[in-house]
Each structure stands twice: as structure tokens, then as C-alpha cells.
Amino acid sequence: MNCLIPHIEYLLQYNDCVIVPGLGAILAHNMAPRYDEEEQMWHAPARVFSFNPALSRTDGMLASSIARREGISYDSATSIVRKEVEKMLASLDEKHELSLGNAGTLYMDEEGLLSYTPGTAQWLSPDFMWLPQVNLGLQRRVSEIMESHARINRRNKLSSILLRCGQAAACIAVMITLGWIVVQNLTYAPEEQFASIVPNVVANNHTANVAAGNNPVVLVLAKAPEGEVIENIPAPKVVKEEKNNSARYYLIVASLASENEAKKFLKQHTDSNLGIFEKDGRYRIYAASGNTIESVSSIQKTEDFASRYPNAWICRK
């Protein structure tokens, strides 16, 4: 921004004429209060600005303002004004437009004639900037105002009724849904009992021979005769390895600290032929045993067993 513009804006607040040497003068005029019939409004006194290119001879006001602010001599300030005006004229010739900040804008047409559009900054007129405009338009009649309030009240009342109806419909829908859920939960068949089918997964013949006495029982889904109740399926028999067993290698799937924990593990895994092998104070759950490590290892490598017990290992007695 050109360094002369802040000085032009400052001087226009307290002076009615600010000359830019070699360019023209910005003039301030006081406008009396006036009444606008179309808008039915009184406009307060105001200050308007215009531009006169004929007043281009310096009066020293702009140079004096620069000298006071910068703390330099009047001749040095005059030199600064001359250089900055040359820049303003060059910008006007090139762009055909020159902004004077809040003071307005200059335009140059193809014939070299200047036109001016004043700025809208009210603070350039400190004596009139606080005066308001007065609207003198005819007010509506009391009957019109009352009718307008009545329409608003009817609209608000209708909205309130629709809101309450919606809330009541939502409550009814919730109650119907809850009743349907309760009725569905009370539906049962007291004369029927069911038993689950326990799968029996055997890796091969070696696994089947380890715990022959611990085979799970498979029950077929059937309807119980009237007056009879199917007994609960007994817990799987826990097989504890005897000391005189001739097996030397065991395929271990779990190692527990107590016999109760080992029995609980067997009850939770009724889908396999498992047994308990006690050694060194630990109760190990095994799935197969044999006299050679190859026979036990072959079971461990089967796809079904490896997917069921991926962390199994072989323990020697």
C-alpha cells in the first residue's frame, strides 16, 4: 500500500480538503438532514466526499503530516510525497484504477478522464458517525397485530396437538411390541424333553484303545413318553493311569496342578477319549499312549487331532 494513504485518511477526519500534489484534491461536504419519501425515513446529517483533479497544486499539508510522523525535515517529506505520487500516477496509467483506502477509489477512462467513488468508512466523519437514521413508516393497525398473534397461537396449538398424538402412538407401539415378546417367551412344550448329541471324535485305533471305558454315550433325539422323564446324562468316567500300565509314552494335551482340576477338564471335554496321567506332582491329560514314540507321534500328526490340540506334546513315563 502507498505510504501516503494513511496520511490522507487521517487528514480527512479533521479537514475538508486534502490535496495530493500532481493528482487532485479530495473534498468533504456536510449534508443536511433529509427525508426520503420512498423509504419513509429521516437520514441524519452526514459528510460526503468528492474529488477535484483541478486542485493539484500542493498546500504543504500532506508533506507536513509526513514530516511530523517520521521526524524528518519538510524538504525530505516533500521529496517522499513527490516519489509516492509518481508511483500512484504510474499505477493509475497501468491499471486504470487507484485505491485511496477508505477515502475512495479513482478510475481513469480511455480518454484519460478521472472519476471518483467515495469510500464508506463512517469514522472519516467523527462528528456525524454516531447519529442514527429514523424510520417514520406507518405502523400497522392494532387489529392487524392482534390477528397476526392469533394466527401464531393457532399454529403453535396445532403443532402441540400433533406432537402429543405422535407421542401417544409411539407409546402404543412400544406396548404392543413388549406384549408380543412376552407372549412369545411364554410359549413352551411341557410334555417334551430333549437330549443333546455328544460327538465322538477318534483319531485312529490307537486313540480308541487308550480309554475304552470312557466312551461317551450318544442319545437320539426323541419324545419322552407321558409320565416319564429322561435321566440326565452321567458325567464321563475319569480314567486315572494305573502304576502297572505298560505304556511308556503319552500324548499330553494339558498339564494341571490338582486332580480336581484334571477331572473338571475331562467334564468340559466330553467329545474326546481323554485320561489322567500323574507324574512329578502334576496331573496331565493325555489323549493317547503307547510303548513307542512313533505310535504316539503318528496320532499327533493327524489333521483332525492337530486342529483340535495344536499345542499337544509327548511325555515319557
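1. The buried residues of helix α3 pack against five elements: β1 (17-20), α2 (61-70), β6 (97-99), β7 (104-108) and β8 (114-118). This note starts from that helix and then moves to the strands and sheets. The model is a predicted one, and every remark below should be read with that in mind.

2. Helix α3 covers residues 74-95, which makes 22 residues. From its first C-alpha to its last, α3 reaches 31 Å, close to the 32 Å expected at 1.5 Å a residue.

3. Which residues of α3 are buried? They are Ala-77, Val-81, Glu-84, Val-85, Met-88 and Leu-92. These residues cover an arc of only 110 degrees around the axis, so they lie on the same side of α3. A student can check this by looking along the helix. The other side of α3 carries exposed residues, namely Asp-75, Lys-83, Glu-86, Lys-87 and Glu-94. Note that Glu-84 is on the buried list, whereas Glu-86 is on the exposed one.

4. His-96 comes just after α3, in the loop between α3 and β6. Its phi is near 60 degrees, which is a positive value in a residue other than glycine. As background, most residues other than glycine have a negative phi. Is His-96 buried or exposed? Neither word fits: with a relative accessibility of 38%, His-96 counts as partly exposed, because that class lies between the cut-offs of 20% and 50%.

5. Strands β7 and β8 were named above as packing partners of the buried residues of α3. The two strands run antiparallel and are joined by five bridges. Within this pairing, Leu-106 stands opposite Tyr-116 of β8. The hairpin of β7 and β8 has five residues between the strands, and Gly-112 in this hairpin takes a positive phi near 85 degrees.

6. Strand β1, another packing partner of the buried residues of α3, belongs to an open sheet of three strands. The order is β1-β2-β5, with antiparallel pairing. At the edges are β1 and β5 (46-52), each of which pairs on one side only. On average, neighbouring strands in this sheet are turned by 20 degrees against each other, direction ignored.

7. Within the sheet of β1, β2 and β5, strand β2 (residues 24-31) is joined to β5 by seven bridges, and the two run antiparallel. As an example, Leu-27 has Ser-50 of β5 as its bridge partner. Helix α1 (residues 5-12) lies across β1, β2 and β5 and runs at about 160 degrees to β1.

8. What is the strand order in the open sheet of four strands? The order is β11-β12-β10-β13, and the pairing is antiparallel. Strands β11 (275-279) and β13 (313-316) stand at the edges; each has a single partner strand, so one side of each is left without a neighbour in the sheet. Neighbouring strands here are turned by 55 degrees against each other on average, direction ignored.

9. Strand β10 (residues 249-256) runs antiparallel to β13, with four bridges between them. One pair to look for is Tyr-249 and its bridge partner in β13, Arg-316. Helix α7 (residues 293-300) packs on this sheet, where α7 touches β10, β12 (282-290) and β13. The direction of α7 makes about 55 degrees with that of β10.

10. Asp-280 sits in the loop between β11 and β12. Although Asp-280 is not a glycine, its phi is positive, at about 55 degrees. Asp-280 has a relative accessible area of 69%, which is over 50%, and therefore counts as exposed.

11. How many disulfides does the structure hold? The number is zero. For reference, a disulfide is a covalent bond between the sulfur atoms of two cysteines. Two cysteines can be compared by their surroundings: Cys-171 is partly exposed, with a relative accessible area of 48%, while Cys-315 is buried, at 10%.

12. Some totals complete the picture. The secondary structure amounts to eight helices and 13 strands. Of the 317 residues in the protein, 28% count as buried. Among contacts between residues at least 6 apart in sequence, 61% join residues at least 24 apart.

Definitions and conventions
Residues numbered from 1 in each chain as written. Predicted model: local features only at pLDDT ≥ 70, side-chain atom pairs only at ≥ 80, totals over all residues. Heavy atoms only, no water. Pairing = 2+ DSSP bridges. Axes fitted to C-alpha atoms, helices over the stretch in contact; angles between N-to-C directions. Contact = heavy atoms within 4.5 Å. Disulfide = S-S within 2.5 Å. Buried < 20%, exposed > 50% of the residue type's maximum accessible area, 1.4 Å probe, protein only. Expected span 1.5 Å × (residues − 1). Arc of directions from axis to C-beta.
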